[in-house]
Amino acid sequence: MKKEILKWVSVAALAGFMTPVVQADEAAMAAAGAEIFKRCQACHSEDTSANAFGPNLSGVVGRQAASLPRFAYSEALEKSGIIWNEDNLRKWVADNAKLVPGTRMRHVAITDAAEQDYLIAYLKTL
Ligand code: HEC
């Protein structure tokens with residue numbers, strides 16, 4: 001019985017200990033993603049809530065593609081029916097022209113899975 005209690009205490013302690021570590025991890029990933037996002041900033045403004053040559057990306061994770069009213073999207077993206085979930089964002093940054101042939105966004109090729117993780121962690125903060 002005592003052993004059982006000890007087990008629970010240590011599980012709880014471990015969980016309490018792990019939480020900040022996980023948060024720090026996400027923050028570190030987002031920070032790494034901010035570095036990668038520099039490759040996107042030529043077209044997606046540093047003020048990510050503003051449209052530039054590319055559409056603003058604030059709140060893009062979970063958003064319907066081509067859904068901002070004040071941006072002139074390509075017909076291809078408008079007709080894509082895509083939702084920007086993590087899976088589609090990975091495909092987009094790996095090869096956007098393959099995911100949406102005819103898109104106006106210049107080709108990017110972020111194929112490294114870790115780099116994609118970082119970038120998506122960063123996009124989630126916008
Ligand atoms: C050379 C300019 C340029 C660069 C560099 C660029 N983009 Fe884009 N991006 C665009 C344009 C233009 C569009 C709109 C495409 C269309 O309408 O077909 C777009 C669209 C998008 C969308 C869809 C947004 C929506 O509202 O549906 C996402 C997501 C996106 N870009 C992410 C990125 C990321 C992440 C990077 C960096 C890895 C990047 N882009 C680099 C110009 C660029």
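In this predicted model, helix α3, which spans residues 86–99, supplies the largest share of the shell around the ligand, contributing 3 residues. The shell as a whole comprises 27 residues, and the closest to the ligand are Cys40, Cys43, His44, Ser74 and Met105. When these surrounding residues are sorted by class, 19 are nonpolar, 4 are polar and 4 are charged. The ligand itself sits in the largest pocket.

Two of the closest residues, His44 and Met105, also act as the protein donors of the iron atom of the ligand, through NE2 of His44 and SD of Met105, at distances of 2.0 to 2.1 Å. Around this iron atom there are 6 donor atoms, and because the angles they subtend run from 86 to 179 degrees, the arrangement is octahedral. His44 belongs to the loop between α1 (2–37) and α2 (75–78), whereas Met105 belongs to the loop between α3 and α4 (113–124), so the pair ties together parts of the protein that are 61 residues apart in sequence.

Polar contacts with the ligand were also found away from the iron atom. An N or O atom in the side chain of Arg63 lies 2.8 Å from an oxygen atom of the ligand, and a polar backbone atom of Ala66 is likewise placed 2.8 Å from a ligand oxygen atom. A nitrogen atom of the ligand, in turn, is 3.4 Å from a polar side-chain atom of Trp92.

Definitions and conventions:
Residues numbered from 1 in each chain as written. Predicted model: local features only at pLDDT ≥ 70, side-chain atom pairs only at ≥ 80, totals over all residues. Heavy atoms only, no water. Near = heavy atom within 4 Å. Polar contact = N/O pair within 3.5 Å; in protein donor to acceptor, adjacent residues only side chain to side chain. 1 Å grid on protein atoms, 1.4 Å probe; cavity = no way out; pocket = protein on both sides within 12 Å on 5 of 7 lines; lining within 4 Å. Sits in = over half its atoms within 2 Å of the grid points. Helix = DSSP H or I, 4+ residues; strand = E, 2+ residues; numbered from the N terminus. Nonpolar A, V, L, I, M, F, W, Y, C, P; charged D, E, K, R; others polar. Donors = N, O, S within 2.8 Å, 3.2 Å for Na, K, Ca; no water. Tetrahedral: all angles 85-135°; square planar, octahedral: opposite > 155°, others 65-115°.
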